[in-house]
Amino acid sequence: MTEVKREVFGQMPREEGGGVVEKFVLKSDSVKVEILSLGCIIAALETKGRDGEFSDVVLGFDTLEGYTGKHPFFGAVVGRVANRIAKGRFTVDGKEYQLFLNDGPNSLHGGARGFDKVLWSPQVLPNGVCFFRLSPDGEEGYPGDLKVWVTYTLNGGELAINYRAQTSKTTPVNLTNHAYFNLAGQGSRDIYDHEISIEADSYLPVDDTKIPTGEVAAVQGTSFDLRQPVELGKHLQKFHLDGFDHNFCLQQAQARRLVARACHPPTGRAMEVHTTQPGIQFYTGNNLDGSLKGKGAVAYPKHSAFCLETQNWPDAINKPRFPNALLRPGEEYNHTTWLVFNTA
């Protein structure tokens with residue numbers, strides 16, 4: 001059985017439009033997750049270790065002020081298009097659209113005020129919560145009124161995140177959750193003792209602004225071959241890597257499949273990622289620099305968390321060979337990702 005509670009988390013500043021931010025607490029025997037109506041943010045996720053003790057394994061803040069300030073999308077649903085669009089520009093049906101540039105020369109995670117920074121309308125479900133919002137035509141430069149539903153449901157050790165969208169005009173859509181995980185417990189210094197595996201035979205090389213070059217490269221014989229578990233710190237050292245911030249290409253299938261696994265041997269905490277999406281962005285918190293103080297006023301340094309963001313491939317709207325990035329009127333965008341927490 002999953003318990004669902006709702007409570008007030010805070011009040012949005014007047015300059016952000018005001019409004020009450022609610023927190024929804026989903027609790028099973030083995031997992032407790034807290035989700036905000038601001039940005040559908042996973043603000044806390046507690047899971048058991050081998051010793052039966054619960055620890056919060058996602059980075060974030062204790063108060064609303066942290067989330068309304070500048071931060072790297074901690075726990076949020078990002079969109080209308082997750083990841084990067086080159087030069088913030090794309091063409092649909094012969095018309096060119098220009099987006100806000102918020103990542104050097106590119107547009108990242110929906111622009112200046114993406115889905116992570118707005119209030120969503122919640123509806124409590126027996127084992128979770130469904131958030132809805134209408135992204136109006138022209139918001140952040142995107143065409144079409146886009147109706148979006150994000151549903152979180154908890155069953156035992158499994159948290160499912162379902163994304164649905166419908167549009168009035170043809171538009172690119174790519175939705176993901178940007179939770180930062182540290183299975184040793186948030187606030188732990190680094191993720192070097194984590195073991196990571198990703199079920200991908202290929203990945204997307206990127207240019208110096210993190211835009212895919214268009215090549216789909218085999219992982220075989222490279223530092224991107226994570227098909228067998230690697231201990232992250234040793235792997236980064238062995239290949240002289242600053243970290244990962246790359247899309248791994250998954251088998252094209254509409255069915256649920258296991259695509260990644262993270263394990264923290266000292267505590268026994270493990271997380272599996274299952275999805276219907278065609279890609280997964282593996283990011284090792286390279287841009288964290290200790291300047292942000294999170295829960296319990298703990299600083300979050302470089303490599304103190306990892307993200308496994310299930311998604312369509314970055315800049316797919318500008319790469320005809322990449323999986324389809326467009327949603328058309330009359331169609332429905334519908335993807336699910338399952339995070340399964342257990343002990344190894």
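In the predicted model, Asp 225 and Arg 227 form a salt bridge, with their closest N and O atoms 2.9 Å apart. Arg 227 is partly exposed, at a relative accessible area of 26%. A separate set of charged side chains forms a network. Glu 7, Lys 23, Lys 32 and Glu 34 are joined in it through salt bridges that share partners.

Across the whole structure, the search finds 22 salt bridges. One of the pairs is Arg 256 with Glu 158. Their side chains meet at 2.9 Å, N to O. Arg 256 lies in the loop between strand 21 (245-249) and strand 22 (257-264), whereas Glu 158 belongs to strand 14 (residues 158-167), so the contact ties together parts 98 residues apart in sequence. Arg 256 has a relative accessibility of 36% and counts as partly exposed. Glu 158 is also partly exposed, with a relative accessible area of 22%. This value falls in the partly exposed class because buried means under 20%.

A further salt bridge pairs the side chains of Arg 164 and Glu 332, at 3.1 Å, N to O. This pair links distant parts of the chain. Arg 164 sits in strand 14. Glu 332 sits in the loop between strand 26 (326-327) and strand 27 (333-343). The two residues are 168 residues apart. Arg 164 is partly exposed, at 26% relative accessibility. Glu 332 is partly exposed as well, at 36%.

Strand 14 thus recurs in the account: Glu 158 lies in this strand, and so does Arg 164.

Terms used: Residues are numbered from 1 along each chain as its sequence is written. This is a predicted model: local features need pLDDT of at least 70, side-chain atom pairs count only at pLDDT 80 or more; totals for chains, interfaces and linings use all residues. Side-chain values use heavy atoms; hydrogens and water are left out. A salt bridge is a side-chain nitrogen of Lys or Arg within 4 Å of a carboxyl oxygen of Asp or Glu. Helices (H or I, at least four residues) and strands (E, at least two) are DSSP runs, numbered from the N terminus. Buried means under 20% relative accessible area, exposed over 50%, partly exposed in between (1.4 Å probe, protein chains only).
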